[in-house]
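The following exercises concern helix geometry, helix packing and strand pairing. Please work through each task before reading its solution.

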Amino acid sequence: MVLKLVVWSILAFLLMPLVIIVLFSFHASPSLSFPFAGFSLRWYAEVLGNAQLGSALLKSLTVAGFTALITLVLGAAASLAWLRLGHRGRALLEVLCLTPIALPGLFVGVSLLVLFAQARVQLSTVTIVISHVVLALPILIVAMRARLALFDRSLEEASRDLGASQMQTFGKVTLPLIAPTLIASAILAFAVSFDEFVVTSFVAGTETTLPMYIWSMMRRTVTPLINAISTLALVFSVAILFIAWLIGHLRRRSAVAGRTVS
Amino acid sequence: MTIRPPVIEITAAQKMFGSFQALSDINLSIEQGEIVTLLGPSGCGKTTLMRLIAGFEAVTAGTIRIDGKDCAGQPPERRPVNMVFQRYALFPHLDVFENVAFGLKVKGTPKAEIRERVQRMLHIVQLDSYANRYINELSGGQSQRVALARALVNGPKVLLLDEPLAALDLKIRQHMLVEMKRIHAETGATFVYVTHDQDEAMILSDRVVLMEKGRIVQIDRPETMYAAPKSLFAAKFLGETNLFEAAMAGDNALGMTAVTGSGLRFHSSIVPASELRGKVIVSIRPESFRFNRDNDTTQSATGQVEDVIFIGSRSFYTICLADGVRVRVQVQRSTRTSLPKPGEKTEIFWDSDNVVILPQS
């Protein structure tokens, strides 16, 4: 009984802010406190009508998209290497990957800024993407590690034994088997990039991503607009996770439906 | 009848892993249609030898010929052999049909032919109705059959099996052994079977290749290897045996004689693999002893029955001989002769063609 109460309290503690934000994003009045004065979509209309917000969102989506893509390619290469490394190599790779995760964002931001300045690279969307890849790649590799540890290398040998070349083996066996892990990791990279603020603020130059725009908005005044933006971001994240799940589910079904055996 | 070259011919093969000598001086030729088992304790190099044939490892020295052609430098996908992996290594993202069709597909076989060959193979392994099942929906025995079908559908010159029954429980294992023999008869493929289980080796094989510490110690038919092991290792590894320390006491045209420290004499009519001198080991299987004298039995010893274990058709006796040496005796159940009881004094008999005299090491 007490345990149940504790569990529900923790869940409430975790989820209440979310519920409040979603609820007030539909609030008819600009007030951010109870009593609730009825439902309205006016904040969503205002969000959609805000050109600056739109361009910041587009910027964030572009950056997150490229970050996910680049991280995916690098992560796939890293995971193939990981599968072939011995215990020592794996341990070394893990240390190298875990270190950047432990570093404060402030430090990473400053060092990247100094690096770009030294290399005379103009701060732009490109530098944001590079910085986000630096942040997301270690997280991705750490996330993949646990899943890849279950990968059976004898499957690759079986494929070779059955006549598939190294490239065919990669395409027909290795890639399909690690694809769910890679997609999940890419989504994680997307999420890391989408709401990254600290490092971005160092390397963004004149560019504005969504988190930076929200932050600048809140410096002036806390507006109900933010509730609507946050709710949209939430729906977006859940939708991506759902799509990822759907892809895996449909792939499996189509494999069976595509052929009938008499 | 035409004389065909052996399907596999291994000459003076060696394999080093760093400074570790995994295989040394391997010479082996395997004929078309044979079932040959590579038998030995774990770490004896039997799996390494199989991986050399499959092409997953390269020989450090020596040659391996498959179907007459030296296959040095040939990757696994270009060798006319297929392998059944220890834990099957079935593709979890494909169903049974796609698993079996994999090899044909990568070779670009026409679709209709793939279907026909896969279905015929699934019929041979009795999984006709399982084509659309996923791998995680199969039992251990079914997975085993899929692995067999996936390898055999390619029509390999040689099927390599790496301890294929190790992951199955005893009952299914015995059933699969019978199945394996049937599938071998139906497909006519050459089987090279790796195992550490002497029973599997004896049930299946035309010939057994016994290995120890990276070397082949004996190649023989299972019956021959059981009856006339050439080393102490072979005698101990295959089946149960009684061992007596003895010294050579002369040999003549009829055989050899060895005598134990307490004066027990063993006469053997089996021709030894190498010349024997000085200290030797005498090996006699438990079932080679009897409690009754035959017409021509000349060898015997007396002792006391210490213990009897009755297991239906057979009984195991522990006999303590006069000099304190214990001997295990296995006898078939019989209603005609009376068998000694625990505590009784008894005489045991044996024949010279059941006595194997071996070098000490």
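The expected span of a helix is 1.5 Å times one less than its number of residues. The model examined here is predicted.

**Exercise 1.** Determine how the span of α6(A) compares with the expected 34 Å, and locate the kink in α6(A).

*Solution.* Step 1: α6(A) contains 24 residues, for which 34 Å is expected at 1.5 Å a residue. Step 2: from its first C-alpha to its last, α6(A) reaches 32 Å, close to that expectation. Step 3: the helix has a kink of about 30° at Ala136(A), shortly before the proline Pro138(A).

**Exercise 2.** Classify the packing of α3(A) against α6(A), and describe the contact by residue class.

*Solution.* Step 1: helix α3 (residues 51-84) and helix α6 (residues 125-148), both of chain A, pack with axes 7 Å apart at an angle of about 40°. Step 2: roughly parallel requires an angle under 35 degrees, and roughly perpendicular 65 to 115; α3(A) is therefore oblique to α6(A). Step 3: the crossing is right-handed. Step 4: the contact comprises 16 nonpolar, 7 polar and 2 charged residues.

**Exercise 3.** Establish the strand order of the open sheet in chain B, and identify the edge strands.

*Solution.* Step 1: the 4 strands follow the order β17-β16-β15-β18 with antiparallel pairing. Step 2: β17 (326-332) and β18 (345-350) of chain B each pair on one side only, as edge strands. Step 3: the twist from one strand to the next averages 50°. Step 4: β15 (residues 299-311) of chain B pairs with β18(B) over 6 bridges in the antiparallel sense. Step 5: Gln299(B) stands opposite Trp350(B) of β18(B).

Notes: Residues are numbered from 1 along each chain as its sequence is written. Chains are lettered from A and ligands numbered from 1 in the order in which they are written. This is a predicted model: local features need pLDDT of at least 70, side-chain atom pairs count only at pLDDT 80 or more; totals for chains, interfaces and linings use all residues. Axes are lines fitted to C-alpha atoms, for helices over the stretch in contact, and angles run from 0 to 180 degrees between N-to-C directions. Helices (H or I, at least four residues) and strands (E, at least two) are DSSP runs, numbered from the N terminus. Angles under 35 degrees count as roughly parallel, over 145 as roughly antiparallel, 65 to 115 as roughly perpendicular and the rest as oblique. A crossing is left-handed if the near helix is turned anticlockwise from the far one by less than a right angle, and right-handed if clockwise. Ala, Val, Leu, Ile, Met, Phe, Trp, Tyr, Cys and Pro count as nonpolar, Asp, Glu, Lys and Arg as charged, and the others, Gly among them, as polar. Two strands pair if DSSP finds at least two bridges between them. The bend at a residue is the angle between axes fitted to the seven residues ending there and the seven starting there.
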